Amino acid sequence: MADLPEALALDRREGLPEALTVLLAEHPRAGWADDPGFAGLVQFWMERHAMFRELSGMLTGEARAAEAGRLDPARFAARLSRFGGLFVQELHGHHLIEDHQYFPVLTRLEPRLERGFALLDADHHALDPWLARLAERANAAIGAARADRGLGDAAGPLAEDLGAFAGLLERHLTDEEDLVVPVLLRHKGAGLG
């Protein structure tokens with residue numbers, strides 16, 4: 001999104017602007033799980049986000065342990081291949097369905113929040129190069145582990161990138177929840193589930 005103010009860019013943002021959190025005031029985070037509209041799509045959405053957070057933390061921790069020589073290289077390579085692939089592919093798929101299905105419907109329901117959905121879409125585009133880089137770093141670490149040489153040297157950059165990505169991902173997921181969940185609760189899932 002070319003006209004995105006620099007302060008709203010994913011790597012500089014500290015939360016959503018107040019104009020985009022009007023529904024969050026009506027549906028505060030503390031009451032989401034008790035809302036009758038939580039079961040179904042909202043709960044599924046939150047579980048997906050929890051999975052992304054968990055995978056991000058696990059992958060970062062294991063890459064740091066591999067860098068320090070505390071993991072069996074073959075086990076590390078197998079887990080990184082499985083869970084790293086899952087992480088990247090599921091995030092891509094999650095973003096695609098949001099950009100092409102959910103966000104357009106939610107924008108029609110709450111046109112005043114259009115800027116917020118455009119912001120989240122821009123986040124997805126900002127995260128794409130990171131996902132490609134993580135895949136490259138993971139493949140290098142897997143190759144080093146399988147060749148049984150230089151795993152620490154390959155795992156270090158992967159751990160560093162995963163750590164940096166985790167902060168961006170957390171900012172995006174939190175902002176997305178603060179924008180999307182109140183809309184879904186207000187509109188009883190909007191027929192999206």
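## Getting started

What percentage of the 193 residues in the chain do buried residues make up? The figure is 48%. Keep in mind as you look around that this is a predicted model.

## The overall fold

Let's begin with the whole chain. It has 5 helices and 0 strands, and reading along the sequence gives the pattern α-α-α-α-α. The C-alpha trace spans about 55 × 35 × 25 Å along its principal axes.

How do the parts of the chain meet? Take the contacts with a separation of 6 or more: 83% of them are between residues 24 or more positions apart.

## Surface and charge

Now for the outside. The accessible surface of the chain comes to about 9,600 Å², and carbon and sulfur atoms account for 52% of that area.

The chain also carries 20 positive and 31 negative side chains. The centres of these two sets lie 3 Å apart.

## Two nonpolar cores

In soluble globular proteins, nonpolar side chains tend to be buried together. In this model, the largest nonpolar core contains 31 residues, and Leu80, Phe87, Leu158 and Phe165 touch the most other members. Four helices each supply at least two residues of this core: H2 (38-67), H3 (73-109), H4 (114-147) and H5. Which helix gives the largest share of this core? That is H5, with 10 residues.

There is a second, separate core as well, with 26 residues. Among its members are Leu41, Phe103, Leu184 and Leu185.

## Around Phe87

Phe87 is a good place to zoom in. Setting aside residues up to four places away in sequence, Phe87 touches Phe52, Leu55, Ser56, Leu59, Leu134, Phe165 and Leu169. Two of these partners, Leu134 and Ser56, are worth a visit of their own.

Leu134 is found in helix H4. Is Leu134 buried or exposed? Leu134 counts as buried because its relative accessibility is 4%, and the cut-off for buried is under 20%. Apart from neighbours within four places in sequence, Leu134 is in contact with Phe87, Leu158, Asp161, Leu162 and Phe165. You can also compare Leu134 with Ala154: they are 20 residues apart along the chain, and their C-alpha atoms are separated by 12 Å.

Ser56 sits in helix H2. With a relative accessibility of 3%, Ser56 counts as buried too. Beyond its neighbours within four places in sequence, Ser56 is in contact with Phe87, Ala166 and Leu169. Try finding Ala33 as well: Ser56 and Ala33 are 23 residues apart in sequence and 24 Å apart in space, C-alpha to C-alpha.

## A buried histidine

Next, look for His94 in helix H3. His94 is buried, with a relative accessible area of 9%. Not counting neighbours within four places in sequence, His94 is in contact with Trp45, Arg48, His49, Phe52 and Glu176.

One of those contacts links separate parts of the sequence. His94 and Arg48 are 46 residues apart in sequence, and their C-alpha atoms are 8.5 Å apart in space.

## Two arginines and one aspartate

Which residue has a side chain in polar contact with that of Arg171? The partner is Asp175, at 2.7 Å. Arg171 lies in helix H5, which covers residues 151-186. Leaving out residues up to four places away in sequence, Arg171 touches Leu10, Arg13, Glu14 and Gly15.

Arg13 belongs to the segment before helix H1 (22-26). The side chain of Arg13 also joins that of Asp175, through a polar contact of 2.6 Å. This means that Asp175 has side-chain polar contacts with Arg171 and with Arg13. Arg13 counts as buried, at 5% relative accessibility.

## A loop to finish

Finally, find Asp148 in the loop between H4 and H5. Is Asp148 buried or exposed? Asp148 is exposed, because its relative accessible area is 61% and the cut-off for exposed is over 50%. Its backbone has something to spot too: Asp148 has a positive phi of about 60 degrees, although it is not a glycine.

Conventions:
Residues are numbered from 1 along each chain as its sequence is written. This is a predicted model: local features need pLDDT of at least 70, side-chain atom pairs count only at pLDDT 80 or more; totals for chains, interfaces and linings use all residues. Side-chain values use heavy atoms; hydrogens and water are left out. A polar contact is a pair of N or O atoms within 3.5 Å; within protein, one must be able to donate a hydrogen and the other to accept it, and residues adjacent in sequence count only if both atoms are side-chain atoms. Contact means heavy atoms within 4.5 Å. Buried means under 20% relative accessible area, exposed over 50%, partly exposed in between (1.4 Å probe, protein chains only). Accessible areas come from the Shrake-Rupley method with a 1.4 Å probe; for residues, only the protein chains shown count as cover. Lys and Arg count as positive and Asp and Glu as negative; His and the chain ends are not counted. The place of a charge is taken as NZ of Lys, CZ of Arg, CG of Asp or CD of Glu. A nonpolar core is a set of buried Ala, Val, Leu, Ile, Met, Phe, Trp, Tyr and Cys residues joined through side-chain atoms within 4.5 Å.
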